[in-house]
Amino acid sequence: MSLKNWLYALSAAASLTLPAVHDAQAEDSIYVPLFTYRTGPFAGSGTPIANGMHDYLTLLNERDGGIGGVKLIVEECETGYDTKKGLECYESVKPKKPVLVNPWSTGITLPLIPKAAVDKIPVLSMAYGLSASAKGDTFPWIFNPPATYWDGFTQILQYIATQEGGGIEKLKGKKIGYIYLDASFGREPLPLIEQLSKELGFEAKLYPVAAADMQNQSSQWLSVRRDKPDYMILYGWGALNATAVKEAVKTNYPMEKFISIWWPSEDDAKGAGDGAKGFKTLNWHAVGADFPLLADIQKHVVDAGKSQVSSKDKVGQVLYNRGIYNSMLIAEAIRKAQEITGNKVVTGEDVRRGLEGLNIDEARLKEIGLEGFTGEVKLSCADHNGHFSTFVQSWNGTTYEKVSDYIAPLSDKVGPLLDADAKAYAEKNAPWPARSEACDAS
């Protein structure tokens, strides 16, 4: 870790115990805490996302004076991707009246779900967390756009089917390996895998990797060599991703048949050398910095020394842009909350309504400076996810390039499971609070 990043991490940790230099509850500001992890075995994934999130919100303060004329107070809390530390972060920011929280960990998200309605703090778990929390009628305070882990798995399956020359019927008789972080995140799709393997007739081979063994996957890949799966699907994070790609290359597994959920970075593929060419991941937004908004970030934030990026070429990389997308959702939810309520300084309750009213269409993306960056985002009272399409990108040795059309999830397979899981969650945690208000028409 560079001295710059080490000092930043130290200051972020200190913010948990030292008095803030500002009043996070000031009447003329909006408090947006960011749960981040710039240290530990997951820092390789957490740092670029943190940079993207922070830089977007910093840009709004520096260029626009905030949102709707109200400054944002942006404060990071270091979790180390540890659930206990994440909950400590939550308790430390709660008295400051945040308008929402971003746990950036499925493990941290899950215990916050029952707290959200009580504390009136919406949880934005962007493309992670509990898949069933997409059901806004059951989970009015939890939001997980643009796609769930269950959606992503069906999108990968459909891509595999196209590589076999047809529709999902082509999966019958195939052997599909699933290598995953043996934690809440990686275990999230297991019920779906079990059901789909029976319905579609493929054999699922599971290769769990404990967090302590992320950089030692030799036994899993020996099993892969023995089992000879036709395709491998990766649900990894942090050091697990880079190690999995290296082991796949070492094992001579065909990289064009190794496909990941949307979390691997450029560094995860680059570390395996030329043998990693062809490794694929899902994505839903562009890679690169050729957008007006990112040019403004370069000018107002990076060049002004207000960013934590280690070098300018990190701006535009896949996980940096993932952080950009996350903060776009935050900013647009705040803006929508201001519009709905007529208040400039909004609360968590207001922003929850703003998230349910999100409608980021092509015209708005152009206004933001992100035309062509991603697809439209529209949420509702009942649908807190959107279940939007993703595409497959392939590592070419230098960067990721889009190699498929957009793929919609198998909603007929995922939808009933989400309904059943949401119902089971509410029954298990009874009495589960019902929505306290009708859906906004706005």
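This passage looks at aromatic ring pairs, charges over rings and one lysine in a predicted model.

To set the scene, the UniProt record, an unreviewed entry, lists residues 30-396 under "domain: Leucine-binding protein". Over that stretch, helix makes up 42% of the chain and strand 15%. The C-alpha atoms at its two ends are 42 Å apart.

Aromatic rings come next. Searching the whole structure turns up 27 aromatic pairs. Take Phe153 and Tyr235: their ring centres are 6.3 Å apart and their planes meet at 50°, so this pair counts as tilted, a label for angles that are neither under 30 degrees nor over 60. The two partners come from distant parts of the chain, 82 residues apart. Phe153 belongs to helix H5 (residues 149-163), while Tyr235 belongs to strand E7 (residues 231-235). Both of these residues are buried. They are also members of a cluster linked by ring pairs, which brings in Tyr149, Tyr178, Tyr180, Phe185, Trp262, Trp284 and Tyr325 as well.

Phe291 and Phe373 make another aromatic pair, this one edge-to-face, with 5.3 Å from centre to centre and 90° between the planes. Here both partners sit in loops: Phe291 between strand E9 (280-283) and helix H11 (292-302), and Phe373 between helix H14 (362-368) and strand E11 (377-378). The pair therefore ties together parts of the chain that are 82 residues apart in sequence. As for burial, the cut-off is under 20% relative accessible area. Phe291 has 12% relative accessibility, so it counts as buried. Phe373 has 1%, so it counts as buried too.

Rings also turn up with charged side chains over them. The charged end of Arg352 sits over the ring of Trp141, at 5.3 Å from the ring centre. Likewise, Lys402 has its charged end over the ring of Phe391, 5.5 Å from the centre.

Finally, there is a lysine in a strand. Lys71 is part of strand E2 (residues 71-78). With 40% relative accessibility, Lys71 counts as partly exposed, because that value falls between the 20% limit for buried and the 50% limit for exposed. Leaving aside residues up to four places away in sequence, Lys71 touches Asp28, Ser29, Ile30, Asn61, Gly65 and Gly66. Asp28 is 43 residues from Lys71 in sequence, yet their C-alpha atoms are 7.2 Å apart in space. With Asn61, the contact involves the backbone: the Lys71 side chain reaches the backbone oxygen of Asn61 at 3.3 Å.

How values were computed. Residues numbered from 1 in each chain as written. Predicted model: local features only at pLDDT ≥ 70, side-chain atom pairs only at ≥ 80, totals over all residues. Heavy atoms only, no water. UniProt positions renumbered as here; feature names shortened; annotations may be inferred. Helix = DSSP H or I, 4+ residues; strand = E, 2+ residues; numbered from the N terminus. Phe/Tyr/Trp six-rings, centres within 6.5 Å; stacked < 30°, edge-to-face > 60°. Buried < 20%, exposed > 50% of the residue type's maximum accessible area, 1.4 Å probe, protein only. Lys NZ or Arg CZ within 6 Å of the ring centre and 35° of its normal. Contact = heavy atoms within 4.5 Å. Polar contact = N/O pair within 3.5 Å; in protein donor to acceptor, adjacent residues only side chain to side chain.
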